[in-house]
Amino acid sequence: MGRIVDGTQTTGAQRRVLVVEDDQTITQAIAARLQAEGFQVRTAGDGPAAVEAARSWQPDLLVLDVMLPGYDGHEVCRRVQADRPVPVLMLTARDEETDMLVGLGVGADDYMTKPFSMRELAARVHVLLRRMERAATAAHNPRGAAIHLGDLEIDHAQRRVRVAGADVHLTPTEFELLVCLAQQPKAVLSREQLLAEVWDWADASGTRTVDSHVKALRRKIGADRIRTVHGVGYALETPPA
């Protein structure tokens, strides 16, 4: 499954996770695992309750089911992200790429298909939070000048992306994926390399996650900017001189 990080190795304490799921058995299992990892956990069983809990409790991360009474998970994600950026791990019962792309399109950072292991869910929560910490550090300690590739501009300091002068909203995961590709333009990076560098995983079973995020990124910056090398991975194209 990739690198597992136990609560004794990282500091889950003080981190707040809101679990939004209408199946009480699943809710209790997720909450118990995350509490064992050292997280503060609250739960919500429907969309309106989730939006209110996110607004009042200000969680550091949401574990969010797609199928909910009231508002579905996509609407919850839209409303929460409109209030403030927060990483979202979305849960879906259907292993369909369209559903995954919709989730990524409304601001989710990652997704898992049911059934899943609680061990993997906890690992992904840790990875998402570490990525947020890296993003906050990078904002105060930018890695250098902005990257310019034709009309594509990636500003590390502000964590902003522009295409032809227009701002493009990317999730933190999409931003990290784009930076990873842009640091080696035209070079083909394998799915396994991208998983290791962007997601902190080293497991080939997660390559569909890479594919879905690349598709979501293409929708935002232009499909022709990222080249697929079948059987290998992806490369960021640069405009001709």
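## Hairpins, a sheet and a helix pair: worked exercises

In the hairpin that E8 and E9 make, 2 residues lie between the strands, and Ala164 there has a positive phi near 55°. Keep in mind that this is a predicted model.

**Exercise 1.** Work out how E8 pairs with the strands E7 and E9: which sense, and over how many bridges?

*Solution.*
- Step 1: Start with E7 (residues 152-155) and E8 (residues 160-163), which pair in the antiparallel sense over 4 bridges.
- Step 2: Pick a pair to check by eye: Asp155 has Arg160 in E8 as its bridge partner.
- Step 3: Look at the link. E7 and E8 form a hairpin with 4 residues between them, and Arg159 in the turn has a positive phi of about 50°.
- Step 4: Now go on to E9 (residues 166-168). It is joined to E8 by 3 bridges, and these two strands run antiparallel.
- Step 5: For a check on this side, find Arg162, which stands opposite Asp167 in E9.

**Exercise 2.** Find the hairpin of E11 and E12 and say which residue in its turn has a positive phi.

*Solution.*
- Step 1: Locate E11 (residues 226-229) and E12 (residues 233-236); they pair in the antiparallel sense over 4 bridges.
- Step 2: Follow Ile226 across to its bridge partner in E12, Leu236.
- Step 3: Between the two strands sit 3 residues, and the turn residue you want is Gly231, with a positive phi of about 80°.

**Exercise 3.** Lay out the open sheet of 5 strands: what is the strand order, and which strands are at the edges?

*Solution.*
- Step 1: Read across the sheet and you get E2-E1-E3-E4-E5, with parallel pairing.
- Step 2: The edges are E2 (40-44) and E5 (110-113), as each of them pairs on one side only.
- Step 3: Direction ignored, neighbouring strands here are turned by 20° against each other on average.
- Step 4: Zoom in on one pairing. E3 (residues 61-65) and E4 (residues 88-92) run parallel and are joined by 4 bridges. Leu62, for one, has Val88 in E4 as its bridge partner.

**Exercise 4.** Decide whether Val19 is buried or exposed, and list its contacts beyond the neighbours within four places in sequence.

*Solution.*
- Step 1: Place Val19 first: it belongs to strand E1 (residues 16-20).
- Step 2: Use the cut-off for buried, under 20% relative accessible area. Val19 has 0%, so Val19 is buried.
- Step 3: Leaving aside those neighbours, Val19 touches Thr27, Ile30, Leu34, Val41, Arg42, Thr43, Ala44 and Val63.
- Step 4: Try a C-alpha distance too. Val19 and Leu62 are 43 residues apart along the chain, yet their C-alpha atoms are separated by 6.0 Å.
- Step 5: Zoom out to the protein chain: 50% of its 241 residues count as buried.

**Exercise 5.** Describe how H6 and H7 pack: what is the angle, and which residues meet?

*Solution.*
- Step 1: H6 (residues 172-182) and H7 (residues 191-199) pack at about 125°, with axes 10 Å apart.
- Step 2: Compare that with the cut-offs: 65 to 115 degrees is roughly perpendicular and over 145 is roughly antiparallel. The two helices H6 and H7 are therefore oblique to each other.
- Step 3: Their crossing is right-handed.
- Step 4: From H6 come Thr173, Glu176, Leu177, Cys180 and Leu181, which meet Leu194, Glu197, Val198 and Trp199 in H7.
- Step 5: Sort this contact by class and you find 6 nonpolar, 1 polar and 2 charged residues.

Key. Residues numbered from 1 in each chain as written. Predicted model: local features only at pLDDT ≥ 70, side-chain atom pairs only at ≥ 80, totals over all residues. Heavy atoms only, no water. Axes fitted to C-alpha atoms, helices over the stretch in contact; angles between N-to-C directions. Parallel < 35°, antiparallel > 145°, perpendicular 65-115°, else oblique. Left-handed = near helix turned anticlockwise from the far one by under 90°. Contact = heavy atoms within 4.5 Å. Nonpolar A, V, L, I, M, F, W, Y, C, P; charged D, E, K, R; others polar. Pairing = 2+ DSSP bridges. Buried < 20%, exposed > 50% of the residue type's maximum accessible area, 1.4 Å probe, protein only.
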